[in-house]
Amino acid sequence: MIRASRRQSGSSLADAHWGSSLASSPGAAQVERARLLWPAWAALLALACAIWPAAVRVQAQPAAGGQPLQAVTLQLKWKHQFQFAGYYAALQQGYYRQAGLDVTLAEAGPEQDSATPVLEGRAQYGVGDSSLVLLRQLGRPLVVLAVVLQHSPNIYIARGEVDHVHALVGKRVMQEASADELFAYLHKEGVHPEQLRFVPHDFSAADLLAGKVDAISAYSTDELFDVRAAGKPFTVLTPRSAGIDFYGDNLFTTEEEIRQHPARAKAFREASLKGWQYAMAHPEEVADLILERYSRRHGREHLLFEAKEMQRLMQPELVEIGQVNPGRWLHIAEVYQELGMLKSTELKGFIYSPAAPRPSRLYVALAVFAAATLVLGGVVAYLRRLNHRLRLAHSALQARVHEIEALQARLHEQAVRDPLTGMFNRRYMDETLEHELARARRYHYPLALVMLDVDHFKRVNDTFGHAGGDELLRRLGRLLRENCRGGDIACRYGGEEFMLLLPGLDEPALHERAEFWRCSVEALSITYGSATFHVTASIGVAVFPHHAQDVPSLQRCADRALYAAKTGGRNRVVFAQPATAQDAGALSLNAAPCRAAAASSAESAAAASTV
Ligand SMILES: Nc1nc2c(ncn2[C@@H]2O[C@H](COP(=O)(O)OP(=O)(O)OP(=O)(O)O)[C@@H](O)[C@H]2O)c(=O)[nH]1
């Protein structure tokens, strides 16, 4: 239900509440007629809306940034006048264009409310009064973007003798049905609307000046100019005197617009308020603009009067243009509630709050970079820790490996050493013989295998015990080791038998060394306990390549030479015969008594000394 109103937002709620008062007034019939004509108006409106965009929308032009302008419509709540100066200024100064907007300003007439086109999507933004809060509570998803008039311009202008609102009782009052705060004013002052004789408004002060009515509801920015110009006595009755302080014009939109086009809503609001700042700073320029571009319905003087009065209602020097105070809206809602027009004072979602700005690309990039750095830093720190732990583990492992290697070396040493004499053992000699022979073969040098066996060792054991025999073996071992060259290898081959490998010695040198050992053994004086004894040794020598070509043959030759030394009387050196002769079993006794042993036979010497 829409009733005739020049400045309404679309609310017909006052009708619901005050309808009976208006109906009972003399002009109520006219209002009723207007109501009945609504379908026709609606049809006309729909038709106008259908052709409107094509008629008035200017082709979207590229904005400064190269983006096409977004076309939006602002539904005004009345005809063009200074009341909408800010929007004209925003257009004129290019604020909308800079915001990427191609804005169309749609006028309203007596039958045109501003909320319906916005709710129906024919306009995206609108200018409305405080009754927006009523629509909101009826489920219309309207949102106030900004308050332009901090105080409502709605007043009563009465004939001079009407000095108080109570004086309106019984008087003819030309009342706009949408002037909610005036009804609230009456209510607050204890005047029931039925006590007044309402007549429909013709939106001029003519009837008041002509004395046809006693008071009119009016805008202080508008009709007051005509009344003053007429120079007749009049009284202004304002709801603010009763503590009713409604907002005047508000810029509004829908929840859907904010949801679908948050950036556009924000841009539109900001450009509009910028326009308002310009308009209030340059009222004369904007008045001329209105006259030139929009309407000559009001003269320049009237427009400037309007501007001045708006300055008073906006108080831009005190309140930032556009500021929305939730406390003020609560006050308005409470007044409506008092009037029985509002069930609750819930305002959730009604006041615009711009969405938190989306983080810029730079911010996102920085955030991603910071996150990546953190992750990378974490990974690096983890890897460093891991690396440190690995190093520790590696060091520990290396130490363990060294330990094991040392242990292995010790075990190997133990495996190839004879524990009694500290000499290499038979195993080592067997492993080494092949290598040494191969090397001698490769480098063409002679390799002598010397087998040395203590004579009558059993007697030593028998005489001095096993420990005494051991002591002899230890002394012999030391003697042989101490008298070896760097490349010689000496081992205890088993029992009282020793074996030596002597590379690179020619025969005379070999003779000399073998004799040296034999004599050294003979000269050895072994002390065991309180006793001292002497022994002799028999030595068999075989030489690669003279006596044998391979290890078994060489060993066999040396062994036979030793056997020959034993059987030849002991305490002597015997050289093997060349292989052919050896194979035939012939052995040459090369024994030569050493100088020390030359005086007596070794056997008799050994026997004589101890055993
Ligand atoms: N004390 C001691 N005696 C050992 C060891 N190994 C072997 N024997 C002894 O060495 C002796 C070797 O005796 P035989 O093989 O008869 O040789 P022999 O008495 O030296 O006589 P000929 O070699 O013929 O001169 C035996 O009595 C063994 O018990 C050892 O490690 N320590």
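This text walks through two sheets, a helix pair, the ligand shell and a few backbone details of a predicted model.

Local features are reported where pLDDT is at least 70, side-chain atom pairs count only at pLDDT 80 or more, and totals for chains, interfaces and linings use all residues. Residues are numbered from 1 along each chain as its sequence is written. Helices (H or I, at least four residues) and strands (E, at least two) are DSSP runs, numbered from the N terminus.

The sheets come first. Strands of a sheet pair through backbone hydrogen bonds, either parallel or antiparallel. Here two strands are said to pair if DSSP finds at least two bridges between them. One open sheet has five strands in the order 2-1-3-10-4, and its pairing is mixed. Its edge strands are strand 2 (101-106) and strand 4 (142-147), each of which pairs on one side only. On average, neighbouring strands of this sheet are turned by 30 degrees against each other, direction ignored. Such angles are taken between axes, which are lines fitted to C-alpha atoms (for helices over the stretch in contact), and they run from 0 to 180 degrees between N-to-C directions. At the edge, strand 4 runs antiparallel to strand 10 (residues 250-254), and five bridges join the two. Val144 stands opposite Phe252 of strand 10.

A further open sheet of five strands has the order 7-6-8-5-9, with mixed pairing. Its edges are strand 7 (197-199) and strand 9, each pairing on one side only. Neighbouring strands of this sheet are turned by 30 degrees against each other on average, direction ignored. Strand 5 (residues 154-159) can be followed to both of its partners. With strand 8 (residues 215-219) strand 5 pairs in the antiparallel sense over five bridges, and Ala158 has Ala215 as its bridge partner in strand 8. With strand 9 (residues 234-237) strand 5 pairs, again in the antiparallel sense, over four bridges, and Tyr156 stands opposite Leu237 there. Strand 5 is mostly covered, with five of its six residues buried. A residue is buried if 20 or more other C-beta atoms lie within 10 Å of its own, exposed if 12 or fewer, and partly exposed in between, with C-beta atoms placed from the backbone.

Next comes a helix pair. Two packed helices are described by the angle between their axes and the distance between the axes. Helix 13 (residues 283-294) and helix 14 (residues 300-314) pack at about 135 degrees, their axes 9 Å apart. Helix 13 and helix 14 are therefore oblique to each other; angles under 35 degrees count as roughly parallel, over 145 as roughly antiparallel, 65 to 115 as roughly perpendicular and the rest as oblique. Their crossing is right-handed, that is, the near helix is turned clockwise from the far one by less than a right angle, whereas anticlockwise would be left-handed.

The ligand is surrounded by 14 residues, the closest being Phe457, Lys458, His466, Gly469 and Gly495. A residue is near a molecule if its C-beta atom, placed from the backbone, lies within 6 Å of it. The elements that give two or more residues to this shell are strand 11 (447-454) and helix 18 (457-482). Helix 18 provides the largest share, seven residues. By type, the shell has three nonpolar, five polar and six charged residues. For this division Ala, Val, Leu, Ile, Met, Phe, Trp, Tyr, Cys and Pro count as nonpolar, Asp, Glu, Lys and Arg as charged, and the others, Gly among them, as polar.

The loop between strand 11 and helix 18 holds His456. Its phi is near 50 degrees, a positive value in a residue other than glycine. His456 is partly exposed, with 17 other C-beta atoms within 10 Å. Asn571, in the loop between helix 20 and strand 17 (573-575), also has a positive phi, about 45 degrees, although it is not a glycine. Asn571 is buried, with 28 other C-beta atoms within 10 Å.

Two details remain. The peptide bond from Phe544 to Pro545 is cis, with omega near 5 degrees, and Pro545 lies in the loop between strand 16 (537-544) and helix 20 (551-567). Tyr528 belongs to strand 14 (residues 526-528) and counts as partly exposed, with 19 C-beta neighbours inside 10 Å. Tyr528 and Phe464 are 64 residues apart along the chain, and their C-alpha atoms are separated by 7.7 Å.
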